[in-house]
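Please read the following report alongside the sequence and the coordinates. It deals with nonpolar packing, cysteines and the surroundings of a few chosen residues.

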Amino acid sequence: MMSSNTSSYNNYSPSPPYSSFYFQKAARNMKRKPSRTLCWKPLGCFIILVLGILLTFASPSSASSPSPSSQQTPMVLRIRQLDGSIQRIQFEEGQSSSSLTLQQVIEKSRQILSAAEVSEALTDQEEKECALQFGKYCLPLVQTDSEEEDESKLRQKTLEELGIRHGSLLTLAPKTNLGKPKGGLQPKPKEKKAATTTAKTDRWDPYPDLAKDYEAALRQVERRKRNAGKLSFADLSELHRSLHVVEAQPAAALHRLYLCPTVAERFATAVQPKPSSSSSSSSLSSPTSSVPRVALLLGTIHKERRHPKKKRAAKTSLSSTTESEDYCQVAKVQAVWEPPQQPSKQQQSLLCYDASELLQLREKHPQVLNVAQWLGLVPVGWMYSYSEDRHGNDKEKQKKKRHKDDGDSSEGGALPVFGLDVKTGARLQIEFMKHLGREDGQRFVTVAMHGPTGATEAFQFSNVAVQMVAEDMLMVEDLEGGSKNDMATPQRFVPTRHAFLVDGRETTTLDSVLCLVNTALLQQQGSFVGQVSGGGTSSSSSGVKSNNPYQLTKKMRKALVQAASSSTPGALLELLCNFQVLVAVSQDLPQDEMQALVETVRKFARGLKKTTTLDPGVLECLLNVLNQGS
């Protein structure tokens with residue numbers, strides 16, 4: 001079986017279509033086709049090569065020179081105007097980037113842009129001076145005599161050296177938005193940084209972490225909107241982050257304030273209305289009116305337990321190391337000083353205090369801080385009084401102006417803190433934070449006393465409120481200069497310059513209550529409030545005149561002279577334990593003798609009453625000053 005299949009396979013022959021005749025014919029065709037392709041291909045390549053050489057060397061001058069169309073194309077620059085529109089500036093034929101200087105471009109642009117009403121902005125050097133911004137440079141359009149040498153050299157450079165080509169875009173911008181760059185040659189990033197910081201040159205941030213620059217963020221967002229034509233969610237989010245968030249602050253720097261009862265009694269007596277037979281305004285003669293006054297509180301800072309009555313656990317090896325968290329910082333008022341106060345007519349009509357001298361304490365009354373420093377005291381707060389009808393209107397108008405959400409339906413019930421009080425107290429705190437440091441200066445308390453009843457409350461302002469006042473966000477005037485608008489009137493709700501966030505919502509009206517942090521108010525006798533022999537306190541008078549804190553009363557001057565000649569030890573030093581008396585004496589006493597006197601009084605107030613004596617030379621100088629005044 002297998003042999004038969006093998007023999008049939010060996011005897012196999014191809015069918016007629018695959019015979020040797022067809023194979024021979026295909027081989028002949030294959031030999032002929034390569035011979036034909038090899039005949040014409042070298043010849044065609046040779047002809048193309050010869051034609052290329054002839055075309056190349058036919059006109060050598062035309063290959064090196066530019067085309068006629070390129071010679072006739074003039075140079076064109078684009079300038080973005082103040083309103084965002086683009087203006088094309090075309091130069092004459094033959095003027096290229098290698099021959100044109102920057103000064104020629106500025107003059108040409110001023111001539112063309114004068115039709116777009118930009119010439120008025122160019123002539124006003126103070127407010128609307130414009131600058132040309134290109135690349136990393138910014139050059140004023142108007143050349144002045146006080147121009148720096150770098151700017152003059154920049155104007156003479158060619159456009160090719162500055163990288164300005166045909167079709168480049170130059171920007172025309174007001175110099176006020178770009179800040180005041182030094183020489184106008186600052187790069188763009190530094191220029192933008194200068195623009196944001198020049199607005200803050202006169203501003204000092206008490207809390208840099210909470211500082212915001214809404215105006216700079218708004219300018220950047222508006223610039224992006226002009227370029228892109230719309231705002232993105234990222235732009236809106238950036239603008240939202242530049243707003244202040246006003247919320248309740250749980251705690252402040254000080255946990256408690258110890259106020260001297262003698263200080264409170266004297267202050268309440270001074271603000272009581274004095275009966276007068278002469279005719280006066282209805283606001284001052286009303287029984288609920290009082291004379292508004294301010295005072296500076298000076299004291300010391302201490303650490304106490306948050307819960308004094310809490311039982312102390314016995315210390316063991318397993319005791320916790322977080323015992324320091326049980327302590328808090330408190331302020332104890334040791335002295336008070338009332339500055340000279342002369343309320344204006346508008347302040348008297350609105351029953352507002354005059355805090356101008358207190359705001360300028362370091363400039364006008366440096367001896368107050370010097371005496372406090374020698375006594376070891378620091379400013380811990382300020383006190384002011386307010387009247388029942390300090391709106392300046394009658395009760396019917398007060399009821400109309402009182403907001404529904406006050407929660408007080410009874411007659412009267414004036415709020416202790418208004419927008420003007422927030423701004424005044426925050427400004428005082430900022431001034432002390434500048435000189436004492438941010439950590440020590442923020443320990444500042446605001447004490448509000450109700451004039452008719454003497455009820456006193458203590459507050460501290462939240463960090464956000466103090467920062468907002470530093471940024472001048474509250475639209476409250478200082479009642480100086482006779483302003484008669486509504487912003488100068490004391491009010492609880494204060495308008496702001498731009499929006500801020502309260503409970504996640506934007507608003508432009510600040511409630512003064514949101515700026516307060518309640519502070520516990522306790523009682524403790526001060527060391528430098530004025531004591532007399534016998535252990536009693538002189539609560540009726542502070543020893544100085546109310547209208548002039550640098551002038552002693554006749555009664556106090558006579559008492560000091562008698563105590564100096566008395567044989568009772570410590571009688572004079574006991575009378576001198578009065579801060580206002582020491583400040584009044586420092587006006588005429590030399591500084592060295594005054595410092596020695598204050599240091600002796602400090603030792604006496606600390607308890608060294610038997611061993612502390614006054615130097616004879618200082619006593620002689622003090623008697624001379626007292627006798628001259630009499």
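The paragraphs below go from the interior to the surface and end with single residues.

This is a predicted model, in which local features need pLDDT of at least 70 and side-chain atom pairs count only at pLDDT 80 or more, while totals for chains, interfaces and linings use all residues. Residues are numbered from 1 along each chain as its sequence is written, and side-chain values use heavy atoms, with hydrogens and water left out.

In soluble globular proteins, nonpolar side chains tend to be buried together. A nonpolar core is here a set of buried Ala, Val, Leu, Ile, Met, Phe, Trp, Tyr and Cys residues joined through side-chain atoms within 4.5 Å, where buried means under 20% relative accessible area, exposed over 50%, and partly exposed in between (1.4 Å probe, protein chains only). The largest such core has 80 residues, of which Val371, Leu552, Leu560, Leu576, Phe579 and Met594 touch the most other members. Helix 19 (residues 419-436) supplies the largest share of this core, seven residues; helices are DSSP runs (H or I, at least four residues), numbered from the N terminus. A second, separate core of 21 residues includes Phe267, Ala268, Val271 and Val529.

Contact means heavy atoms within 4.5 Å. With residues up to four places away in sequence not counted, leucine 576 touches Leu560, Val581, Leu582, Leu597, Val601 and Leu622. On the same basis, threonine 600, which lies in helix 25 (residues 591-605), touches Leu573, Thr612, Thr613 and Leu614.

At the surface, Leu43, Phe46, Ile47, Val50, Leu51 and Leu54 make a nonpolar patch of about 590 Å². Patches of this kind consist of residues with over 30% relative accessible area and no salt bridge, their nonpolar side chains (Val, Leu, Ile, Met, Phe, Trp, Tyr) being joined within 5 Å. Isoleucine 47 of this patch lies in helix 2 (residues 20-58).

The table gives relative accessibility for selected residues.

| Residue | Relative accessibility | Class |
|---|---|---|
| Cysteine 328 | 5% | buried |
| Threonine 600 | 13% | buried |
| Cysteine 621 | 25% | partly exposed |
| Histidine 435 | 43% | partly exposed |
| Isoleucine 47 | 44% | partly exposed |

The structure holds zero disulfides, a disulfide being a pair of cysteine sulfur atoms within 2.5 Å. Histidine 435 has its place in helix 19, and its C-alpha atom is separated by 9.7 Å from that of arginine 362, 73 residues apart along the chain.

Methods:
Helix = DSSP H or I, 4+ residues; strand = E, 2+ residues; numbered from the N terminus. Patch = residues over 30% accessible without salt bridge, like charges linked within 9 Å, V, L, I, M, F, W, Y side chains within 5 Å. Areas by Shrake-Rupley, 256 points an atom, 1.4 Å probe, with all protein chains shown as cover. Salt bridge = Lys/Arg side-chain N within 4 Å of Asp/Glu carboxyl O.
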